[in-house]
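Here are some short exercises to work through with the model open beside you. Try each task before you read its solution.

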Amino acid sequence: MNGATRNDVWVVVEQHDGAVAEVSLELLGRARELADRLGVRVGAVLIGADQAVTALAPALVARGADIVYLAAHDDLTHYLTQPYTQVVTALIREHRPQIVLYGATTTGRDLAPRVASALRTGLTADCTDLRIGDHSMKGAEHRDLLYQIRPAFGGNIIATIISPLHRPQMATVREGVMVMPAADESRAGAIVNVPVERSSSPVHSADGVVLSDADFVVRLVDRVREEKRVDLKGARIVVAGGVGVGSREGFALVEELARTLGGVVGASRAAVDAGWIDHEHQIGQTGTTVRPKLYIACGISGSVQHRAGMDQSARILAINSDPLAPIFGVAHYGIVGDLHKVIPLLIQAYRTKSAGTAAPGGTTPVAAADGGAS
Amino acid sequence: MPQLRIVVLVKQVPDTANVTGEAMKEDGTINRAALPAVFNPEDLNALEEALTLKERHGARVTVITMGPPAAVQVLRESLYRGADEVVLLTDKAFAGADTLATSYALSLAVRKLGGADLVLCGRQAIDGDTAQVGPQTAEKLGYPQITCVSRIDALVAPEGSEARPDGEAGSVTATRSIEGGFETLTSPLPCLLTVTAEANDPRPPSVKLVMTYKGIAAEAMPEYDDSYLDPESDAAEVCMIDRDGRPVCRARVVQWDHEALGADRDALGLRGSPTRVKQIESVVLAQSEARMVEPTEAGVGALVHELIEEHILG
């Protein structure tokens, strides 16, 4: 079995300014599982400027890659649709992976469909799960297909999509739904330098990738990218507020509970749309997906879109004045009541109980910023 | 003098934001018939950008949709807002298309129109949320793309257009939203942009245009009917009849099937779609197993104690 016919599982790695996107590392973890099941290798495609990306390759091996295809060129410093499409398409044509995964970020969702169209293969957007399974169709049995599992129809259904006859099978995968693999610095892997040449006109090369001027007609004029100030994904405890919070001032109470418990503030889309809290805090299908040890939903009714972003939490406590709110359907504990009364009870109970044991960090009593909250 | 040519790709979608119990069949699939059909929201944002550019630069705005005959409703809605020309791609051969087969048909329609300077569409449709048709159509047309556009910063109309008679090549500069920030890019024309809800607030239908097309509004038959079409022409005049049975206007609705597009049937519809839906599960709430806690000092205190004991808290 040689490299060309081994039909590996690939992850197209996203990096910005020399930092690998978390979703790419998460995908390496799942790619490792899929590849082990299929008995193939994990390939990682890493594209960027020479100086920035060469140093990143070992970290990809540590997270599960067997081969890193390193396409480094100064003209590839920033993501641009067409040159990146050329690189990925050329590598897929040469090495014929059976599965190619991308993060469902604005970059991955710009790149993957362009590649799928160029290769005339299938692509499933924004998957939340990936598995290997069989499928019979027209009397033929297709073994070891990639089951691409995703919510659809506004989150009202979960669809399993397959691409039985086309290769590679491609999917973009939502950030935060796959578990980040631990780095294993002792893992061994190969780093393959992909020659990238720049030419004024399109030419074919038997070896490596040739980018022409036609691939660079779109110019990046400006780019502002800030690191997230709110680390919802890393939070052990998330205290999230929804419509029931009632106002921007009401969020002071949610924030106080989060501070008291050492957690991070989250919000439903409705609360964000109402302007009570910044979009960075949004949890759900169009926000961040979280899986903390404890999720406290305050005044959140629990739309399917919201639940999609939090129902994997280890424990869920729902506080809602409506006993029929759908959030109680995914909760482990429910309190039917006015959150403006229940949250102060929680804060008080926690301070009392924790004062009796060791004093955990971040429990210094803090007055609510606005008395109107209660 | 040729005008700036803008093509807007739109979709009629079931209103997934308002899925009710009746919309779910017992077998867990969606009963599309129970959902109202709406203009895909971000496609309205794309149309709004096109109409704004038309006001600023002068342009011919052509709206294309692919769907069943009833999808002509989104074309009517486009005319009410100021579109100049509308095209309906409808054919059983298109049915069951995934994003790859859809983008193939749409790209052929844009080509049949003679190409465009700018192709606009919504970032994604609310029934599938894939955001794939825009980039795939751009690839098939060989156009550059800028996706997730929240603002069109500048447009330099192309050579030979009314707005740009000096023969310079045209370009578009647009800002796209990315995680934690934005990017501004400049592309030569032609270019395809996918537009997000952030870009604008779409205008409502113009009263004047609704009056102009009131035959459509007053039309008792919501279905698009083949009998409206002139069989000799693929650019049929659709004659609208008012309540008294008088023709009140003649709106151009161009209807193309796969033959009109010169399409390879094997690349269309289900046959041309690499992906298959293997299984659909409805998201049914599990029967509530939440342990209910009293909203009292004692109830809440016991819960907090338990969570601390289990090392969930503290």
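**Exercise 1.** In which hand does α4(A) pass α5(A)?

*Solution.* Before starting, note that this is a predicted model, in which local features need pLDDT of at least 70, side-chain atom pairs count only at pLDDT 80 or more, and totals for chains, interfaces and linings use all residues. Residues are numbered from 1 along each chain as its sequence is written, while chains are lettered from A and ligands numbered from 1 in the order in which they are written.

Step 1: find the two helices, α4 (residues 81–95) and α5 (residues 108–119), both of chain A. Helices (H or I, at least four residues) and strands (E, at least two) are DSSP runs, numbered from the N terminus.

Step 2: look at how they cross. α4(A) passes α5(A) in a right-handed crossing; a crossing is right-handed if the near helix is turned clockwise from the far one by less than a right angle, and left-handed if anticlockwise.

Step 3: take the angle, which is about 50°, with the axes 9 Å apart. Axes are lines fitted to C-alpha atoms, for helices over the stretch in contact, and angles run from 0 to 180 degrees between N-to-C directions. The pair α4(A) and α5(A) is therefore oblique, since angles under 35 degrees count as roughly parallel, over 145 as roughly antiparallel, 65 to 115 as roughly perpendicular and the rest as oblique.

Step 4: list who meets whom. T81(A), Y84(A), T85(A), V88(A), T89(A) and I92(A) of α4(A) touch D110(A), L111(A), R114(A), V115(A), A118(A) and L119(A) of α5(A). Contact means C-beta atoms, placed from the backbone, within 7 Å.

**Exercise 2.** At what angle do α5(A) and helix α4 of chain B pack?

*Solution.* Step 1: α5(A) and α4(B), residues 133–141, pack at about 45°, and their axes are 8 Å apart.

Step 2: that angle makes α5(A) oblique to α4(B). Their crossing is right-handed.

Step 3: on the α5(A) side the contact uses D110(A), P113(A), R114(A), A116(A), S117(A) and A118(A); α4(B) brings P135(B), Q136(B), E139(B) and K140(B).

**Exercise 3.** How many residues does each chain give to the contact of chain A with chain B?

*Solution.* Step 1: chain A gives 73 residues and chain B gives 65.

Step 2: helix α9 of chain A (residues 339–356) gives the most to the chain A side, with eight residues.

Step 3: strands join in too. β10 of chain A (residues 157–162) and β13 of chain B (residues 276–282) pair in the antiparallel sense over six bridges, where pairing needs at least two DSSP bridges between the strands. Within this pair, T160(A) has Q279(B) as its bridge partner.

**Exercise 4.** What is the strand order of the open sheet of six strands?

*Solution.* Step 1: read the order as β17(A)-β16(A)-β18(A)-β19(A)-β20(A)-β14(B), with parallel pairing.

Step 2: mark the edges, β17 (264–267) of chain A and β14 (291–293) of chain B, each pairing on one side only.

Step 3: check the twist. Neighbouring strands are turned by 20° against each other on average, direction ignored.

Step 4: zoom in on β16(A) (residues 237–241) and β18(A) (residues 294–298), parallel strands joined by five bridges. Here A240(A) stands opposite A297(A).

Step 5: add helix α6 of chain A (residues 251–261), which packs on the sheet and touches β16, β17 and β18 of chain A. The direction of α6 makes about 175° with that of β16(A).

Technical notes
Two residues are in contact if their C-beta atoms, placed from the backbone, lie within 7 Å.
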